[in-house]
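Open the model in your viewer and keep the selection tool at hand. We will go stop by stop.

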Amino acid sequence: MSIRSRTLAIIGMTLLVLTGVLYAFSQLILLEGYLTIEQDAVSVNIQRAQNAVNQKIDFYRNIGIDYAHWDDTYDYMVGQNDGYIADTIMPSLYSNYELEFILMVNPGGEIVFSEGYALDDQEITPVADDLTEYAKAHGDVLMPRDEQGRLIGDGIAGIVNLPSRTVILSSTPILPSDNSGEPAGVLIWGRTFDDSLVGEISEQTALNLSVVSADPALVDAASSDGSDGDLPIVVNRVSNSQTITSALLTDIEGVAGLMIRLETQRRVFQQGQQSITYFIVATLVIGLMAAAAIALMLERTVLSRIAYLNAHVSRIRQSSDVRSRVTVSGNDEVATLSTNINAMLDALQAQEKIKLARDNALEAARLKAEILANVSHDARTPLSVIMLRSELLLKGMYGALTERQKEVFQQILFNTDQLMSFIENLLEASHLDAGQLQLNVAPFQPAKLLDHVQHSLEPLAQEKQIRLEVELSGDVPPVLCGDEKRIDRILTNLVSNAIKFTSGGNVSARIWRPDADHWGIEVRDTGIGISTEDQQRIFDAFWQVDGSTTRAASSGVGLGLSIVRQLTELMDGKISVASEIGSGSVFTVILPLRQSANGAVHEQPALCVDR
Ligand code: ADP
């Protein structure tokens, strides 16, 4: 997955998660808040409806008090006002107060007067039997008394559930206008609690109300509540658009037989849901815009540049063209990355150049070694013939020579020998440079080595009136292992240098054992010495100490010590020099001690072992 797709996926996921969290939060907190507001509103409204019913009951109680606490009514009840019914209980009384029945009961519980009225038809009707039955049977309810047994002046009013219908009635003790004396009975009146009354209350309260039989579950809840406080209100969220709220209505005896129901449109809830939807949609739109802006900014400032870098670096990898460079402008990590990539390409390019130079150098060294090998081979053949013939001449094989002739042939032989050694040095140096030199390790006798060196260089020493001494330390094994020819060359080069750069002194060559695991060659002279500064460079190839004395003394080209050092290192040894101008020099070569397996002189190379 590319960084670009991953970035877009992360932004998208973040947006989705944020919106999800916001949605859950709005459902949990905001919607819950709207539901509480809705619940509070319907509770208030159902209480308003309950209050409206109570006001209606109070209305009948109040007009009941007006008529019951009146001398005319009282007189009628005590038999002193026969015209009362005709004068007072008229159709206008029923229709004015929306009365549907009037009953007058004497203290003995006998119904003195009863009459009904059909409000719709506006005509006098008899009172329904169940009402008169109720009035007779519930005298104790309709004529409530205080603790002293006296009728309570204001009487009682409320809802009564009759078998055929429900009515609202008030029952008020009949007293004289000054409320004195004993009541002469009760005045009971009221009306049916029918749909038209409910409709009237609905209109008055602007609520959609209905009155039904009480839900037994609600009645149970009310009775288990056990408190004298408000009756329970049940809010039933029928759908997303409607709630039905129910509250109990208690009858005149305090029994909950009816229930008032309020149907309401869930405007608050719907509004809340709509607001939350708008809120979430707005958040999503803003989030999408923000995500697009972030993605665009990231694309411009980071992603496109990384993509460019990636494409460019891939191209460089495929083409292996390390000369190519990437360019990313700016002053940030991506720009720094491009700078670092360029620096890496610089290094690679430099490495490539070095590799090319090394390959060229190796090839040149190989060619040089090849040419030198051919040249030296071609030069050594005639030189060998010259040396052989000169030696034969000196020995008088071609007739007797005069002393002067012998001297000249001696010089020819000496110089030819020098030339031969120079050619051999050149050849050795080229082999070493090309890494082609193979050591030929075999047992050899150090004593013979010293003898050979002394023998071959004695003439040179004598010529310069130098005493050449060789010494083999007693603790050196009689047979050592190594490449005898190369060790000879080391010794010869060091001793010939010592002779070359010494005039009229001593030169000594010693083989000894510095410790149990090594043996060493030490060449000491009393010659011109080497400055500390020059000591650092004398082992470099083709390097000679500058100065007329040395130049004049040296017949070489500055290869001798370079070969000595390379051969020593090839044999895992070390070379060092200690010298002082005018006092002479000491060259020391330390080599690891390898002995032949049983000390025999003519051992095979394979039998040479490390100690
Ligand atoms: P060459 O002898 O062919 O000039 P070398 O590599 O053998 O080259 O020596 C390098 C230089 O080191 C010599 O030219 C000389 O200046 C100096 N040198 C070597 N050995 C001695 C010595 N024993 N005493 C003084 N100088 C020396």
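Contact here means heavy atoms within 4.5 Å. With that in mind, select leucine 491, keeping in mind that this is a predicted model. Leaving aside residues up to four places away in sequence, leucine 491 touches Leu449, Leu450, Val453, Ala509, Ile521 and Val523.

**The largest nonpolar core**

Now widen the selection. Leu491 belongs to the largest nonpolar core, which has 44 residues. Add Val495, Ile499, Trp519, Ile521 and Ile538: together with Leu491, they touch the most other members. Next, color the elements that give two or more residues to this core. Among them are helix H11 (403-433), helix H12 (446-463), strand E14 (506-515) and strand E15 (518-525). Helix H13 (484-500) is on that list too. H13 gives the most, with 7 residues. In soluble globular proteins, nonpolar side chains tend to be buried together.

Apart from this core lies another, of 41 residues. To find it, select Tyr84, Ile89, Val198 and Leu258, which are among its members.

**Helix H7**

Stay with Val198. It is one of the buried residues of helix H7 (residues 195-205). Select the others: Leu197, Ile201, Ser202 and Thr205. Look down the helix axis. Which arc do the buried residues of H7 fall within? The arc is 145°, so they line one face of the helix.

Turn to the other side of H7. Asp195 and Glu203 are exposed there. Back on the buried residues, show what covers them: the cover includes helix H1 (3-68), strand E5 (166-173), strand E6 (186-192) and E7. Then step to alanine 206, which follows H7. Its phi is positive, near 55°.

**Strand E7**

Move to strand E7 (residues 208-213) and pick valine 212. Valine 212 counts as partly exposed because its relative accessibility is 29%, and partly exposed means between 20% and 50%. Show its contacts, skipping residues up to four places away in sequence: Leu258, Met259 and Arg261. Now draw a C-alpha to C-alpha distance from valine 212 to leucine 249. They are 37 residues apart in sequence and 9.8 Å apart in space.

**Strand E9**

For the last stop, select serine 246 in strand E9 (residues 242-250). Is serine 246 buried or exposed? Serine 246 is buried, with a relative accessible area of 10%. Outside the residues up to four places away in sequence, serine 246 touches Ile46, Leu218, Pro232, Ile233, Val234, Met259, Ile260 and Arg261. Met259 and Arg261 also touch valine 212.

Methods
Residues numbered from 1 in each chain as written. Predicted model: local features only at pLDDT ≥ 70, side-chain atom pairs only at ≥ 80, totals over all residues. Heavy atoms only, no water. Helix = DSSP H or I, 4+ residues; strand = E, 2+ residues; numbered from the N terminus. Buried < 20%, exposed > 50% of the residue type's maximum accessible area, 1.4 Å probe, protein only. Core = buried A, V, L, I, M, F, W, Y, C linked by side-chain atoms within 4.5 Å. Arc of directions from axis to C-beta.
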